[in-house]
Amino acid sequence: MDDILKIKAENEELKNINLVRSDLISISAHQLRTSLSASKWILKMFLDKDLGDITSEQENLLNKAYESTERMIMLTNEMITLNHTEDKILSFNFQDVDLVELLEQTIFEFYGESHKKEIELIFLKPSSILNKVSVDKEMIRVVFQNLVENSIKYSNIHGKVVISISQNEDEIDLSVRDTGITISNDDQKHIFEKFYRTENAKQKDAIGSGLGLYTTKKIVENHKGKIWFESDEKGTTFFITLPLNN
Ligand code: ADP
């Protein structure tokens, strides 16, 4: 009898280890993909001679770098879809973080991509200094990356993305507003589900995984925060609040 209980306990532990591993793969792959996409767009700008003339030797090398970046993006996409994220994200590493600085770094990564699509990327910096917040920096970076990435990905050419962050009493409020595609009423209740993608999103960007918002919500909730959105024909705004004291 004791042996059976022991095996059961070991089995449970193995299951848990597997869940954590699976989450880490998913989050890392997502983060890798976002950074790689930023590099890809910068390389594309050089190749398109947006930044001035290049020699044929430079073009040749830049093409190689562009193609290998594309291959890495494909690989991370496969990692994301093959990996089954389960409902547990553990191993958070909390530290005091300047969220304005983190947001600025994230926005910087997307300038190449927004420039390419001629999307105006506006950051409304708070007028006063915000308190540092105890968060897992790399996890919150994933949250910021996912929201900014989506706002550009689902925007039309010449669109506008406005990102703002402010402090209100005991919380930090963040919003990412875009002028892109609408999330219909029917789709709204499913948007945070794992692998869920709307039809209009699939048409705009065939490669997405439908894991970004699922992961984002899990991370925000693990920080005792909230995430929601509003969407109409003018565009979509995602909102996040994070408590100052976790
Ligand atoms: P992915 O972008 O890889 O499809 P996400 O989990 O990040 O996955 O998003 C899930 C779905 O939510 C998207 O496929 C899209 O249908 C919708 N969505 C997310 N962000 C936006 C946005 N800013 N505007 C319109 N639709 C969005």
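# Questions about a predicted model

Me: Which backbone oxygen does the side chain of Ser-151 reach, and at what distance?
Reply: This is a predicted model, and in it the side chain of Ser-151 makes its contact at 2.7 Å. Ser-151 sits in helix α5. The partner is the backbone oxygen of Val-148.

Me: Is Ser-151 buried or exposed?
Reply: Buried means a relative accessible area under 20%. Ser-151 has a relative accessibility of 3%, so this residue of the model counts as buried.

Me: Thanks! Now to the ligand: how many residues surround the ligand, and which are the closest?
Reply: The shell around the ligand holds 20 residues. The closest of them are Tyr-154, Arg-197, Thr-198, Ser-209 and Leu-213.

Me: How far is a polar side-chain atom of Arg-197 from an oxygen atom of the ligand?
Reply: Let's take the polar neighbours in turn. Tyr-154 places a polar side-chain atom 2.7 Å from an oxygen atom of the ligand. For Thr-198, an N or O atom of the side chain is 2.7 Å from a ligand oxygen. For Arg-197, the distance from a polar side-chain atom to an oxygen atom of the ligand is 2.5 Å.

Me: How much of the accessible area of the ligand does the protein cover?
Reply: Arg-197 has a polar side-chain atom 2.5 Å from a ligand oxygen. On its own, the ligand has 530 Å² of accessible area, and the share covered by the protein is 99%.

Me: Where does the ligand sit?
Reply: The protein covers 99% of the accessible area that the ligand has on its own. As for its place in the model, the ligand is found in the largest cavity.

Me: Which element gives the largest share of the shell around the ligand?
Reply: At least two shell residues come from each of α5 (137-153), α8 (212-222) and β7 (235-243). The largest share is 3 residues, and these come from α5.

Me: Staying with α8, is Ile-219 buried or exposed?
Reply: Ile-219 belongs to helix α8. The C-alpha atoms of Ile-219 and Val-143 are 7.3 Å apart, with their positions 76 residues apart in sequence. The relative accessible area of Ile-219 is 0%, so Ile-219 is buried.

Me: Why do the buried residues of α3 line one face of the helix?
Reply: Helix α3 covers residues 99-109, and its buried residues are Leu-99, Val-100, Leu-102, Leu-103, Thr-106 and Ile-107. Seen down the axis of α3, these residues line one face because they fall within an arc of 160°.

Me: Which residue has a side-chain oxygen close to the backbone nitrogen of Val-100 at the start of α3?
Reply: Val-100 is one of the buried residues of α3. Its backbone nitrogen has a side-chain oxygen within 3.1 Å, and that oxygen belongs to Asp-98.

Me: What does the side chain of Ser-231 contact?
Reply: Ser-231 lies in strand β6 (residues 226-232) and counts as buried at 17% relative accessibility. Its side chain reaches the backbone nitrogen of Ile-183 at 2.8 Å. A polar contact of 2.8 Å also joins the side chain of Ser-231 to that of Thr-236.

Me: How far apart in space are Ser-134 and His-223, C-alpha to C-alpha?
Reply: Ser-134 is part of strand β3 (residues 133-136), and is partly exposed with a relative accessible area of 22%. Along the sequence, Ser-134 and His-223 are 89 residues apart. In space, the C-alpha separation is 8.9 Å.

Me: What is the phi of Lys-49?
Reply: Most residues other than glycine have a negative phi. Lys-49 is in the loop between α1 (2-47) and α2 (56-82), and is partly exposed at 36% relative accessible area. Although Lys-49 is not a glycine, its phi is positive, at about 60°.

Me: And what is the phi of His-158?
Reply: His-158 lies in the loop between α5 and β4 (160-168). With 57% relative accessibility, His-158 counts as exposed. His-158 is not a glycine, yet its phi is positive, at about 70°.

Me: Last one: what separates the C-alpha atoms of Ile-7 and Tyr-214?
Reply: Ile-7 is in helix α1 and counts as exposed at 55% relative accessibility. Ile-7 and Tyr-214 are 207 residues apart along the chain, and their C-alpha atoms are separated by 33 Å.

Methods:
Residues numbered from 1 in each chain as written. Predicted model: local features only at pLDDT ≥ 70, side-chain atom pairs only at ≥ 80, totals over all residues. Heavy atoms only, no water. Buried < 20%, exposed > 50% of the residue type's maximum accessible area, 1.4 Å probe, protein only. Helix = DSSP H or I, 4+ residues; strand = E, 2+ residues; numbered from the N terminus. Arc of directions from axis to C-beta. Polar contact = N/O pair within 3.5 Å; in protein donor to acceptor, adjacent residues only side chain to side chain. Near = heavy atom within 4 Å. Areas by Shrake-Rupley, 256 points an atom, 1.4 Å probe, with all protein chains shown as cover. 1 Å grid on protein atoms, 1.4 Å probe; cavity = no way out; pocket = protein on both sides within 12 Å on 5 of 7 lines; lining within 4 Å. Sits in = over half its atoms within 2 Å of the grid points.
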